[in-house]
Amino acid sequence: METRFTRGKSAILERPLSRPKTEVSVSAFALLFSEVVQYCQSRVYSVSELQARLAELGQRVGGSLLDVLVLREKNGRRETKVLNILLFIKVSVWRALFGKEADKLEQANDDDKTYYIIEKEPLVNTYISVPKENSTLNCAAFIGGIVEAILTHTGFPAKVTVHWHKGTTLMIKFDEAVIARDKALESR
């Protein structure tokens with residue numbers, strides 16, 4: 001029995017399993033995401049319901065994304081401090097999703113359990129045209145859902161809300177227990 005081989009090696013066989021090509025064309029993403037928004041919009045009656053539905057879809061994505069990024073970026077290690085997990089989201093998660101870091105990470109001046117991730121022009125808002133009656137719609141609620149899922153699954157339960165301020169701001173409010181644990185770790 002004769003075995004036949006193709007000349008040269010196939011490009012797909014040469015790719016490492018740990019780092020597949022992660023680039024998706026912006027036009028394909030824009031089309032897919034606009035269809036997701038239209039689908040959700042046809043099943044809700046208000047802007048707040050639409051944002052909640054987008055956040056719910058984002059939470060599903062965030063749970064899966066976390067598994068992949070922890071294996072790739074952190075070799076299975078988990079973060080134990082609030083600032084480290086926020087920097088992981090600002091740098092690694094944003095880079096995996098959008099090809100760049102988030103614009104800013106800030107802590108609230110008057111509240112030690114509130115942090116802000118600021119993105120001047122999120123990709124999810126770029127290709128969505130919003131009618132005047134829905135002018136408060138911020139499709140970055142999808143990103144908020146991703147961030148909330150990542151924080152919750154890593155043991156930092158928080159509520160993430162999305163606001164129009166300096167572009168788009170994701171306001172992250174951690175539970176009291178998370179901040180108490182973080183302070184206990186710092187005092188060691």
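Gln 51, Leu 54, Ala 55, Leu 57, Gly 58, Gln 59, Val 61, Gly 62, Gly 63, Leu 65 and Leu 66 of helix H3 are in contact with Ala 141, Phe 142, Gly 145, Ile 146, Glu 148, Ala 149, Ile 150 and His 153 of helix H6 (contact: heavy atoms within 4.5 Å; helices: DSSP runs of H or I, at least four residues, numbered from the N terminus). The model is predicted: local features need pLDDT of at least 70 and side-chain atom pairs pLDDT 80 or more, while totals for chains, interfaces and linings use all residues. Residues are numbered from 1 along each chain as its sequence is written, and side-chain values use heavy atoms, without hydrogens and water.

H3 (residues 47–73) and H6 (residues 141–153) pack at about 45 degrees, with axes 6 Å apart (axes: lines fitted to C-alpha atoms over the stretch in contact; angles: 0 to 180 degrees between N-to-C directions). H3 is therefore oblique to H6 (not under 35, over 145 or from 65 to 115 degrees).

Aromatic rings pair if their centres lie within 6.5 Å, and planes under 30 degrees apart count as stacked, over 60 as edge-to-face and the rest as tilted. Four aromatic pairs result from this rule. Phe 29 and Phe 33 form a stacked pair, 5.7 Å centre to centre with 15 degrees between the planes. Both lie in helix H2 (residues 26–41), four residues apart. Phe 142 joins Phe 29 and Phe 33 in one aromatic cluster.

The table gives burial (buried: under 20% relative accessible area; exposed: over 50%; partly exposed: in between; 1.4 Å probe, protein chains only).

| Residue | Relative accessible area and class |
|---|---|
| Phe 29 | 24%, partly exposed |
| Phe 33 | 6%, buried |

Definitions and conventions: Phe/Tyr/Trp six-rings, centres within 6.5 Å; stacked < 30°, edge-to-face > 60°. Helix = DSSP H or I, 4+ residues; strand = E, 2+ residues; numbered from the N terminus.
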